[in-house]
Amino acid sequence: MFLVTGATGNVGRQVVELLLDAGARVRALSRRPETAGLPDGVEVVAGDLQRPESAGSALEGVQGLFLFPAPGGLDGFLRAAKKAGAERVVLLSASAVGSEEAGPLGRAHAECERAVRASELPWTVLRPGAFMVNDLRWAPAVRGDGVVRAPFGRAVTSPIDERDIAAVATRALLDDAHTGATLELSGPQALTPVERVRILGEVLGRELRFEEQSPEQARAEWTKHAPAEIVDGSLSLYASLVDAESPVLDTVERVTGRPPTRYAQWAARHAADFV
Ligand SMILES: NC(=O)c1ccc[n+]([C@@H]2O[C@H](COP(=O)([O-])OP(=O)(O)OC[C@H]3O[C@@H](n4cnc5c(N)ncnc54)[C@H](OP(=O)(O)O)[C@@H]3O)[C@@H](O)[C@H]2O)c1
């Protein structure tokens, strides 16, 4: 039995699917199990990682654990997992772990990694960079006037498909070759927002235009959906990436045996989300 936390999220949902495809039994933890919308065959249980006492029975009989990085209660949750006989934990972390620019986000990931390393459970840490799925935030603009407004049009990242992160997580859960490894993950291309908008337009067959926002404009918009200190961390991280080199890593291919998804392939798979 595998317990997937963050199972209703971008990465966790894909981990659930891939574990089911591999024939594994899957339990999913959610703070709102009634709206989880997970596939048949998944046992959905209520629990909150920040309140480890709420997750007791979720850990029964669990052999492997996919851990969403919710800081604040992981030490207790991992102690309970060890006591329940868990044999392996795979943590979703971030390449920005501990980075000064990322501020509180970087510190939160550092805290989660520390908890996992201190847990006495065999662990694997995944450190992806920017997710391709972040670009779904452009969908309303694409559906509307076709003008995508975002800050730092020349910030370079190597965005990764959420499914590729999940594929690496699934391998690390099913096979102990990655125990004790901290896996830095990227997609296959270094791209700026300007280039991503161009590729998206080509895939959708739409004329899209990129319009650069000032950091202040972006801040005003993003703080409607996320805490100000997280937004500030993201903005200073993107500012530091303008005209930077962004590494393209072979980890996804090394672990899964197939190359990571290119941005155009990701966009084609998500085309319906943009129309
Ligand atoms: N976006 C990026 O570019 C990027 C890059 C690198 C790393 N990351 C990291 O990746 C993580 C986001 O992953 P994602 O996009 O897959 O997540 P997501 O789509 O934002 O979903 C969050 C999930 O976590 C669950 N969750 C949140 N707090 C919880 C808690 N206290 N207890 C139990 N479950 C909890 C939620 O489930 P319920 O609501 O069902 O409980 C939800 O399924 C963040 O930590 C982020 O820093 C993101």
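Biologist: Where is the place of His178?

Modeller: In this predicted model, His178 sits in the loop between α5 (162-174) and β8.

Biologist: Is His178 buried or exposed there?

Modeller: His178 is buried, because its relative accessible area is 14% and the cut-off for buried is under 20%.

Biologist: Which residues does His178 touch, not counting those up to four places away in sequence?

Modeller: His178 touches Trp123, Thr124, Arg171, Ala172, Leu183 and Val255.

Biologist: Turning to Gln189, where does that residue lie?

Modeller: Gln189 is in the loop that runs between β8 (182-185) and α6. Its relative accessibility is 15%, so Gln189 counts as buried.

Biologist: What does the side chain of Gln189 reach?

Modeller: It reaches the backbone nitrogen of Tyr263, at 3.0 Å. Leaving aside neighbours within four places in sequence, Gln189 is in contact with Tyr263 and also with Thr157, Ser158, Pro159, Val248 and Arg262.

Biologist: What about α6 itself: how many residues does that helix have, and how far does it reach?

Modeller: Helix α6 covers residues 193-204, which is 12 residues. From its first C-alpha to its last it reaches 16 Å, close to the 16 Å expected at 1.5 Å a residue.

Biologist: Which residues of α6 are buried?

Modeller: Pro193, Arg196, Val197, Ile199, Leu200, Gly201 and Leu204 are buried in α6.

Biologist: And what do the buried residues of α6 pack against?

Modeller: They pack against two helices, α4 (139-143) and α10 (263-269), and against the strands β7 (147-151) and β9 (209-213).

Biologist: What follows α6?

Modeller: Gly205 follows α6, and the phi of Gly205 is positive, near 65°.

Biologist: Now the ligand. Which residues come nearest to it?

Modeller: Of the 24 residues around the ligand, the nearest are Thr8, Ser30, Arg31, His109 and Asn134.

Biologist: Which helices each supply at least two residues of that shell?

Modeller: Helices α1 (10-21) and α3 (104-117) each do so.

Biologist: How many residues of the shell are nonpolar, polar or charged?

Modeller: The shell around the ligand has 11 nonpolar residues, 10 polar residues and three charged residues.

Biologist: Which polar atoms lie 2.9 Å from an oxygen atom of the ligand?

Modeller: A backbone N or O atom of Val11 lies at 2.9 Å from a ligand oxygen, and a polar backbone atom of Phe131 is also 2.9 Å from an oxygen atom of the ligand. In addition, a polar side-chain atom of Asn134 lies 2.8 Å from an oxygen atom of the ligand.

Biologist: How much of the ligand does the protein bury?

Modeller: Taken alone, the ligand exposes 930 Å², and the protein buries 80% of that.

Technical notes: Residues numbered from 1 in each chain as written. Predicted model: local features only at pLDDT ≥ 70, side-chain atom pairs only at ≥ 80, totals over all residues. Heavy atoms only, no water. Near = heavy atom within 4 Å. Polar contact = N/O pair within 3.5 Å; in protein donor to acceptor, adjacent residues only side chain to side chain. Areas by Shrake-Rupley, 256 points an atom, 1.4 Å probe, with all protein chains shown as cover. Helix = DSSP H or I, 4+ residues; strand = E, 2+ residues; numbered from the N terminus. Nonpolar A, V, L, I, M, F, W, Y, C, P; charged D, E, K, R; others polar. Expected span 1.5 Å × (residues − 1). Buried < 20%, exposed > 50% of the residue type's maximum accessible area, 1.4 Å probe, protein only. Contact = heavy atoms within 4.5 Å.
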